[in-house]
Structures are given as C-alpha cells and as structure tokens.
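Biologist: I would like to learn how to read a model of this kind step by step, going from the whole chain down to single side chains. Could you take me through it with the structure open in front of us?

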Amino acid sequence: MPAIRVKPRWIVATTTAGVLALAPSTAFAWGTPGKSNGQKATSSGGRDGTSLVSKVTFSGSTAGKSSGGASSLQPVGNWSPPACWYEPRSAEEFAKYVEGQYNETVNTPGQHSYAKASVGMFRNTYKDGKYKNYNLDKKDEGNWWVAVRDEDRWMEPAAQACDRQPFWAETGDAPPVENAVTPQVLAELAYNRIELPPTEVSLAPEAATKVNLPTWAWLDKAKFKDVSVTAQIDAGNLNIQATTTAKPVSLKLEPGTPDADTYPSSGECTINDDGSIGAQYTKGKADQTPPCGVRYLRSSGNGTFKLQATITWEITWTGTGNPNPTQLPNGTFGNDQNVAVQEIQSVNR
C-alpha cells in the first residue's frame with residue numbers, strides 16, 4: 001500500500017509574546033493557512049524551495065483514505081497523540097527553505113513592510129547572525145530541527161506548544177526539546193492515523209425486536225481483526241520507523257434507553273478464542289440467553305432506540321530499536337444503530 005504524507009505546518013517565527021504565525025490574524029505568517037488582513041500568508045503546498053511539509057510518511061490502515069465510513073481511535077483517558085513535534089532537516093534543505101520563503105515574501109507586490117521585516121530578521125539569524133550561512137560548512141556534523149504541527153489539529157492549544165525557532169543539533173545528540181521525533185513519537189503519530197472499520201454489530205432479530213425478547217448481538221472474526229499503521233521519517237541523518245497496531249479486545253453495548261438489560265449485565269462482551277465476539281443466533285436458541293446482547297423492557301413507539309456499539313482496542317507499537325510490542329493507551333471506536341422495539345410480549349421464532 002503506498003505511503004501518504006501528512007502536511008503539518010512549520011512553526012518558524014516566535015516573539016516574546018508567543019508564537020508569531022499561529023493566529024490567522026497575524027500580518028505575516030510562516031506556514032499558516034489562508035490569508036489575513038489582506039496580507040500574504042505562506043502555506044505549505046509542497047513546492048520545492050518555497051515550502052516544506054513534514055517528512056513523516058504513513059502507510060497501512062491510515063485515516064484520510066476513502067474508507068466507506070471508517071474512522072479513527074479515541075484514546076482512553078486524558079492522553080492524546082502529539083499535535084506538534086520537531087523534525088530534522090539537512091543544512092541544504094533548511095537553507096533552501098528559508099531563502100525561498102524570503103525571496104517570495106520580499107518580491108510579492110503589495111506585501112506589507114512588517115512581513116518583509118519579519119522574514120528578513122528571521123533570515124539574518126541563520127545566514128549572518130547567530131548562525132553563519134545556515135551551517136553549510138558543517139553540514140555533515142548535524143541537522144537543523146524544525147517544529148511542525150498536524151494540519152488537522154493546528155488550532156488546538158496543544159499544537160502551539162512547539163514554539164521554538166529552528167535550532168542546530170549535532171548528529172547523535174538528543175535535541176533539547178520535548179516531542180523531538182523518535183520511534184515512540186512516530187508510534188504516537190501513527191496512533192492518530194489508524195483507520196478502523198465501522199462498528200456495526202449483527203443483530204437477531206434483525207429488522208425489529210420485541211419487548212422482553214433477548215436480542216442477540218455478535219461480530220464475526222472476519223470483520224473484527226487487527227489493524228496497523230507504520231510511520232517513517234528519513235530526513236537529515238535520521239532514518240527511523242514505528243508500527244502501531246490496534247487489536248480488538250471487547251465490545252460494549254449501550255441500549256440507548258435505561259429501560260433495557262444487557263448480556264452480560266456489564267454490557268461488556270469479551271472477545272472469543274477465535275477472534276469473534278458474541279455468538280450468532282441460530283434456530284433453536286430462542287430459549288437461551290445470548291452471551292452478548294440486549295433485552296428491551298419497553299417499546300420504542302413510532303421511533304427507534306440508538307444502540308451504541310463501542311469496541312475497545314488494545315494498542316501496541318514496535319519500531320527502530322524497539323522490537324518487542326510496547327503498550328500505548330487503549331482506544332475506543334463505535335457508532336449508533338437504530339433499533340425498533342415492538343410492543344409484543346412473546347413471539348415464536
């Protein structure tokens with residue numbers, strides 16, 4: 001399966017008041033989408049020399065592809081994958097990027113003087129100021145590290161945390177920032193890209209159930225299997241990867257009304273040895289209690305109840321320097337199904 005590339009933004013200009021370029025109202029913005037106050041705002045478009053996007057690529061069961069209704073994990077608890085992180089760039093790549101942004105900004109007709117001054121000061125820092133000529137004379141000794149953020153989350157507060165200007169780090173030295181890209185960071189980014197199939201359970205009765213009649217629920221093994229995403233980066237002197245795998249472990253049923261019982265009583269149906277959940281209803285089981293299901297105690301009238309089926313997925317990762325599966329926080333994913341419940345006390349089936 002071909003790799004796809006996420007397009008997070010570079011964060012390359014800061015002030016003592018915070019990040020210059022994270023708000024759309026800023027007159028000059030490095031890599032901020034759209035335009036503001038009639039001024040030019042450079043966005044990442046993948047054009048060589050004028051903008052660079054994240055070097056992280058994703059392959060496997062990745063969100064963003066046409067999936068027929070599939071969606072992504074929701075982490076359990078307060079943890080969430082990084083909304084921003086730092087990546088390496090070679091001296092040549094960094095110089096090409098900065099010079100391209102500078103030339104585009106100063107040569108744009110009608111560009112505000114503040115934007116030109118901002119890009120000029122930024123360029124001077126790396127060309128003639130704190131650093132000399134983008135450290136091209138020691139290009140084999142290290143990398144520039146730049147902040148990027150997930151384009152889908154760029155307005156979240158967490159995406160504003162990576163506010164350090166690009167900095168140089170010698171090869172082999174750990175960058176002195178949180179969320180510098182590592183195999184684990186890649187695994188956490190892959191977590192956010194996992195795409196899961198719709199969680200629609202099979203029910204019996206299928207069209208409509210009856211009051212006080214146990215409704216069987218199950219998921220076949222073929223529809224309920226592990227999914228994985230691999231994240232990789234090959235930039236500067238860094239070439240690492242990580243694969244994050246989601247394994248289904250249980251199904252929770254919530255009937256959509258308090259007037260219902262679940263089987264088991266917790267509503268948590270565990271996975272079977274063969275990878276399925278619950279048991280398919282077959283003729284002759286009418287008097288049996290389903291291992292996974294629900295019993296409605298009142299009619300849904302002219303409407304329906306929304307039965308929510310949520311799968312819990314166990315998440316692990318392996319990658320460069322980490323061959324043994326390592327735990328990440330569990331995730332959940334589910335959706336609602338409309339269930340019509342008729343006011344009939346008994347039925348033969």
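Modeller: Let us begin with the chain as a whole: of its 349 residues, 49% count as buried, and since this is a predicted model, every value we discuss is computed from predicted coordinates. The accessible surface comes to about 16,400 Å², of which 47% belongs to carbon and sulfur atoms.

Biologist: How many helices and strands does the chain have, and what share of the contacts between residues at least 6 apart in sequence joins residues at least 24 apart?

Modeller: The secondary structure comes to three helices and 24 strands. Among contacts between residues at least 6 apart in sequence, 75% join residues at least 24 apart.

Biologist: Which residues of the largest nonpolar core touch the most other members?

Modeller: That core has 69 residues, and Leu186, Leu251 and Trp313 are the ones that touch the most other members. Its largest share, seven residues, comes from strand E23, residues 305-319. If you select Trp313 and set aside residues up to four places away in sequence, you will find that Trp313 touches, among others, Leu73, Leu196, Val227, Pro248, Val249 and Phe333.

Biologist: How should I read a helix, taking its length and its cover in turn?

Modeller: For length, one compares the distance between the end C-alpha atoms with the span expected at 1.5 Å a residue; the 15 residues of helix H2, residues 113-127, should span 21 Å, and the end C-alpha atoms are 20 Å apart, which agrees. For cover, one lists the buried residues, which in H2 are Ala115, Ser118, Val119, Gly120, Phe122, Arg123 and Tyr126. Helix H3, residues 183-191, is mostly covered, with eight of its nine residues buried; these include Leu186, Glu188 and Tyr191.

Biologist: And how does one read the two faces of a strand?

Modeller: In a regular strand the side chains alternate between the two faces of the sheet. Strand E17, residues 227-235, has a covered face made of Val227, Val229, Ala231, Ile233 and Ala235, while Ser228, Thr230, Gln232 and Asp234 form the uncovered one.

Biologist: Which strands pair with E17, and in what sense?

Modeller: Strand E7, residues 57-60, pairs with E17 in the antiparallel sense over four bridges, with Phe58 standing opposite Ala231. E17 and E18 also pair in the antiparallel sense, over nine bridges, and Ala235 has Leu238 in E18 as its bridge partner. In the hairpin of E17 and E18, two residues lie between the strands, and Gly236 takes a positive phi near 55 degrees.

Biologist: Is strand E11 largely enclosed or open, and why?

Modeller: Eight of the eight residues of E11, residues 142-149, are buried, so this strand is largely enclosed by the rest of the structure. Strand E10, residues 84-89, pairs with E11 in the antiparallel sense over six bridges, and Arg89 stands opposite Trp144 in E11. Strand E12, residues 167-170, runs antiparallel to E11 and is joined to it by four bridges, with Asn143 opposite Ala169.

Biologist: At the level of a single residue, why does Thr244 count as buried, and what does its side chain reach?

Modeller: The cut-off for buried is under 20% relative accessible area, and Thr244, which is found in strand E18, residues 238-254, counts as buried because its relative accessibility is 0%. The side chain of Thr244 reaches the backbone oxygen of Ala187 at 2.7 Å. Beyond four places in sequence, the residues that Thr244 touches include Ala187, Ala190 and Tyr191, as well as Val227, Ile315 and Leu328.

Biologist: For contrast in the reading, where does Arg295 lie, and which side chains does the side chain of Arg295 make polar contacts with?

Modeller: Arg295 lies in strand E22, residues 293-296, and counts as partly exposed because its relative accessibility is 22%. The side chain of Arg295 makes a polar contact with the side chain of Asn212 at 3.2 Å, and another with the side chain of Tyr263, also at 3.2 Å. Arg295 and Asn212 are 83 residues apart in sequence, yet 5.7 Å apart in space, C-alpha to C-alpha. Leaving aside neighbours within four places in sequence, Arg295 is in contact with Asn212, Leu213, Pro214, Ala260, Asp261 and Tyr263.

Terms used. Residues are numbered from 1 along each chain as its sequence is written. This is a predicted model: local features need pLDDT of at least 70, side-chain atom pairs count only at pLDDT 80 or more; totals for chains, interfaces and linings use all residues. Side-chain values use heavy atoms; hydrogens and water are left out. A nonpolar core is a set of buried Ala, Val, Leu, Ile, Met, Phe, Trp, Tyr and Cys residues joined through side-chain atoms within 4.5 Å. Buried means under 20% relative accessible area, exposed over 50%, partly exposed in between (1.4 Å probe, protein chains only). Contact means heavy atoms within 4.5 Å. A polar contact is a pair of N or O atoms within 3.5 Å; within protein, one must be able to donate a hydrogen and the other to accept it, and residues adjacent in sequence count only if both atoms are side-chain atoms. The expected span of a helix is 1.5 Å times one less than its number of residues. Two strands pair if DSSP finds at least two bridges between them. Accessible areas come from the Shrake-Rupley method with a 1.4 Å probe; for residues, only the protein chains shown count as cover.
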